[in-house]
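Reader: Hi! I'm new to reading protein models, and I'd like a close look at one part rather than a quick tour. Could you take me through a single helix and what surrounds it?

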Amino acid sequence: TKPILEVKDLYTIFHTPKGDVSAIEGVSFSINEGEILGVIGESGSGKSVTSLSIMRLLKKGKTTIKPESKILFEGKDLLKLSDSEIRKIRGKEISMIFQDPLTSLNPVYTIGKQIREVLQLHRGLGPKEIDEEMINILKLVGISSPEKRVNQYPHQLSGGMRQRVMIAMALSCHPKLLIADEPTTALDVTIQAQILELIKELRSKLNVSILLITHDMGVIADMADKVAVMYSGKIVESGPVEEIFKDPKHPYTMGLLQSIPRLDLDEKRLNTIGGAIPNPKSRPLGCNFAPRCPHAMEKCKTVEPPLTTFADGRSASCWLHESDSINVSQNQTAGI
Ligand code: SF4
Ligand code: MG
């Protein structure tokens with residue numbers, strides 16, 4: 001399998017009235033055909049900025065992506081495309097779904113009108129074909145009596161139903177890559193499980209690659225093939241999901257795993273990591289995680305840890321693994 005998306009050394013900088021803030025500092029990863037890559041981290045870690053950088057949806061003039069960064073989609077560098085070229089890819093070859101479908105659906109138009117618009121814009125179908133395709137796709141995402149639903153407005157649907165509509169719209173153009181940014185965070189637990197099940201089902205039916213952004217390790221366990229753990233603008237650990245759950249290398253990953261609620265423990269309290277993500281304007285000198293890390297050593301506070309690559313294709317940036325490495329790289333963030 002070949003990679004659909006390769007992000008190489010992504011640096012994204014925000015220009016604010018109070019000075020520049022580097023939101024993403026050298027992120028690299030790749031997603032193969034039909035694969036689900038989960039990107040996990042707390043809010044503020046740079047997950048959403050990464051996806052907005054890929055889609056080129058960050059405000060011009062207020063952000064800069066370093067010229068050495070590359071975002072290769074089927075080998076083509078999205079950062080080098082003109083605005084009109086990227087518009088042709090966005091929503092057609094790469095689609096996106098967000099946390100809250102109410103903010104992405106237009107409240108004044110019916111569901112049908114909004115889906116028709118997408119099909120018309122990107123597929124160039126005639127009116128009759130559009131109507132057929134619309135019903136098919138709504139059935140595909142598990143919406144019952146779609147003929148009735150198309151005449152309804154977003155507020156007339158439940159949260160779960162709205163997310164199904166968003167997924168239908170995102171997939172209506174047969175994208176090769178779907179970026180799902182916290183797609184179930186706003187939904188209650190039962191509905192969340194149904195939507196995740198639907199996304200998995202569609203992945204196998206349509207062989208679409210998925211970049212799944214979440215703050216929930218449970219979602220990663222359930223959905224992803226590979227995972228990239230983000231902390232303060234960098235990927236600190238990455239690799240196959242089973243490996244990382246079995247044997248996390250980075251203390252931050254360990255902390256995230258301990259914060260998953262466990263049904264087998266009669267304990268309501270969540271094990272959360274103390275402290276907060278550093279302000280990107282004043283990151284610590286050494287390891288970004290040092291102020292919160294139970295294993296921090298003296299050198300962690302002054303020198304950034306190198307990237308350690310392990311034999312099973314995993315990598316982590318942490319001084320604890322300096323001697324385990326089969327390859328220590330100058331590039332300081334983990335990539336898969
Ligand atoms: Fe903790 Fe040091 Fe590893 Fe950073 S480099 S995660 S502070 S042990
Ligand atoms: Mg976010």
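Author: Happy to! Let's begin with a term: a residue is buried if 20 or more other C-beta atoms lie within 10 Å of its own, exposed if 12 or fewer, and partly exposed in between. With that in hand, look at helix 1, which covers residues 47-55. Its buried residues are Lys47, Ser48, Val49, Thr50, Ser53 and Ile54. Just after helix 1 comes Arg56, with a positive phi near 55°. Please keep in mind that this is a predicted model.

Now let's see what helix 1 meets. Two of its buried residues, Val49 and Ser53, are touched by Thr12. Thr12 sits in strand 1, residues 3-16. Beyond its close sequence neighbours, Thr12 also touches Ala23, Ile24, Thr63 and Ile65. Is Thr12 buried or exposed? Thr12 has 22 other C-beta atoms within 10 Å, so it counts as buried. The chain also brings Thr12 and Leu58 to 9.6 Å from each other, C-alpha to C-alpha, although 46 residues separate them in sequence.

Strand 2, residues 19-32, makes a useful comparison through Asn32. Asn32 has 16 other C-beta atoms within 10 Å, so it is partly exposed. Setting aside residues up to four places away in sequence, Asn32 touches Thr1, Lys2, Pro3, Ile4 and Ser209. Asn32 and Ile210 are 178 residues apart in sequence, yet their C-alpha atoms are 9.1 Å apart in space.

The positive phi of Arg56 has company elsewhere. Glu74 is not a glycine, but its phi is positive at about 50°. Glu74 lies in the loop between strand 5 and strand 6, and because it has 15 C-beta neighbours inside 10 Å, it counts as partly exposed. His174 also has a positive phi, near 55°. You will find His174 in the loop between helix 7 and strand 8; with 13 other C-beta atoms within 10 Å, His174 is partly exposed too.

Helix 7 leads us to the interior. The largest nonpolar core has 78 residues, and Leu37, Ala168, Leu211, Leu212 and Val229 have the most contacts inside it. The largest share of this core, eight residues, comes from helix 7, residues 159-171. In soluble globular proteins, nonpolar side chains tend to be buried together. Val229 shows what such a position can look like: among its contacts beyond four places in sequence are Ile40, Gly41, Ile235, Val236, His250, Tyr252 and Leu256.

Let's step back to the whole protein. There are 11 helices and 14 strands. The radius of gyration is 21 Å, close to the 20 Å that the globule rule gives for 336 residues, so the protein is as compact as a globular protein of that length. Buried residues make up 40% of the 336. Of the contacts between residues at least 6 apart in sequence, 63% join residues at least 24 apart.

There is a ligand to find as well. Ligand 1 is surrounded by 14 residues, the closest being Cys287, Ala290, Cys293, Cys300 and Cys318. That shell has 12 nonpolar, two polar and no charged residues.

Finally, how confident is the predictor? The mean pLDDT of the protein is 90, with 93% of residues at 70 or more. Confidence is highest in strand 5, at a mean of 98, and lowest in strand 14, residues 327-329, at 54. Where pLDDT is low, the predicted coordinates should not be read in detail.

Technical notes
Residues are numbered from 1 along each chain as its sequence is written. Chains are lettered from A and ligands numbered from 1 in the order in which they are written. This is a predicted model: local features need pLDDT of at least 70, side-chain atom pairs count only at pLDDT 80 or more; totals for chains, interfaces and linings use all residues. A residue is near a molecule or strand if its C-beta atom, placed from the backbone, lies within 6 Å of it. Ala, Val, Leu, Ile, Met, Phe, Trp, Tyr, Cys and Pro count as nonpolar, Asp, Glu, Lys and Arg as charged, and the others, Gly among them, as polar. Helices (H or I, at least four residues) and strands (E, at least two) are DSSP runs, numbered from the N terminus. pLDDT is the predictor's confidence in each residue, from 0 to 100. A nonpolar core is a set of buried Ala, Val, Leu, Ile, Met, Phe, Trp, Tyr and Cys residues joined through C-beta atoms within 7 Å. Two residues are in contact if their C-beta atoms, placed from the backbone, lie within 7 Å. The radius of gyration is taken over C-alpha atoms; the globule rule is 2.2 Å times the number of residues to the power 0.38.
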